[in-house]
Amino acid sequence: MDTTLVLLALGAVLATAAGVWVYLRLRKPKEEPFYHFRCPGCKRRLRYRARQAGHAGECSNCGRALTFPPVTASID
Ligand SMILES: [Zn+2]
């Protein structure tokens, strides 16, 4: 087999793999970070997203009605 052809084929495979990798990387949606705070009722650490801040919700553990705090008040 001609070495040049082998190298060309190998190069084509690598280029395709790199293209797919870049495509998948760019395609991946940017994930919103999670923030945390403690439920005033059961003290469970709850997770929420920035867009939920200031909105009403309820504790997934005890069901207590609460308002998601500003992200600046989030805990780790
Ligand atoms: Zn709770």
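**Group meeting: one helix, four strands**

The secondary structure of this protein chain amounts to one helix and four strands. From the start of the sequence to its end, the order is α-β-β-β-β. The radius of gyration is 24 Å, well over the 11 Å that the globule rule gives for 76 residues, so the chain is more spread out than a compact globule. Please keep in mind that this is a predicted model.

Some overall figures next. Along its principal axes, the C-alpha trace spans about 75 × 20 × 20 Å. Of the 76 residues, 4% are buried. If you take contacts between residues at least 6 apart in sequence, 24% of them join residues at least 24 apart.

The chain is divided into two domains: domain 1 covers 1-30 and domain 2 covers 34-73. Their centres, taken over C-alpha atoms, are separated by 45 Å.

Now the helix. Helix α1 runs over residues 3-27, and at 1.5 Å a residue its 25 residues should span 36 Å. How far apart are its end C-alpha atoms? They are 36 Å apart, which agrees with the expected span. As for burial, zero of the 25 residues of α1 are buried, so the helix lies largely in the open.

On to the strands. Strand β1, residues 34-38, pairs with strand β2, residues 45-49, in the antiparallel sense, and the pairing has five bridges. Within that pairing, F37 stands opposite L46 in β2. The two strands, β1 and β2, form a hairpin, with six residues between them. One residue to look at in the turn is K43, which has a positive phi of about 65 degrees.

The last item is C62. Where does C62 sit? C62 is in the loop between β3, residues 56-58, and β4, residues 65-67. Is C62 buried or exposed? Neither label fits: 13 other C-beta atoms lie within 10 Å of C62, so this residue counts as partly exposed. For reference, the exposed class stops at 12 or fewer, and buried begins at 20 or more.

Which residues does C62 touch, leaving aside those up to four places away in sequence? The contacts are C39, G41 and C42. There is also a distance to give for R44: C62 and R44 are 18 residues apart in sequence, and their C-alpha atoms are 8.8 Å apart in space.

To recap, α1 lies largely in the open, with zero of its residues buried, and the hairpin of β1 and β2 has K43 in its turn. C62, in the loop between β3 and β4, touches C39, G41 and C42.

Key: Residues are numbered from 1 along each chain as its sequence is written. This is a predicted model: local features need pLDDT of at least 70, side-chain atom pairs count only at pLDDT 80 or more; totals for chains, interfaces and linings use all residues. Domain bounds come from an automatic or database domain assignment. Two residues are in contact if their C-beta atoms, placed from the backbone, lie within 7 Å. The expected span of a helix is 1.5 Å times one less than its number of residues. Two strands pair if DSSP finds at least two bridges between them. The radius of gyration is taken over C-alpha atoms; the globule rule is 2.2 Å times the number of residues to the power 0.38.
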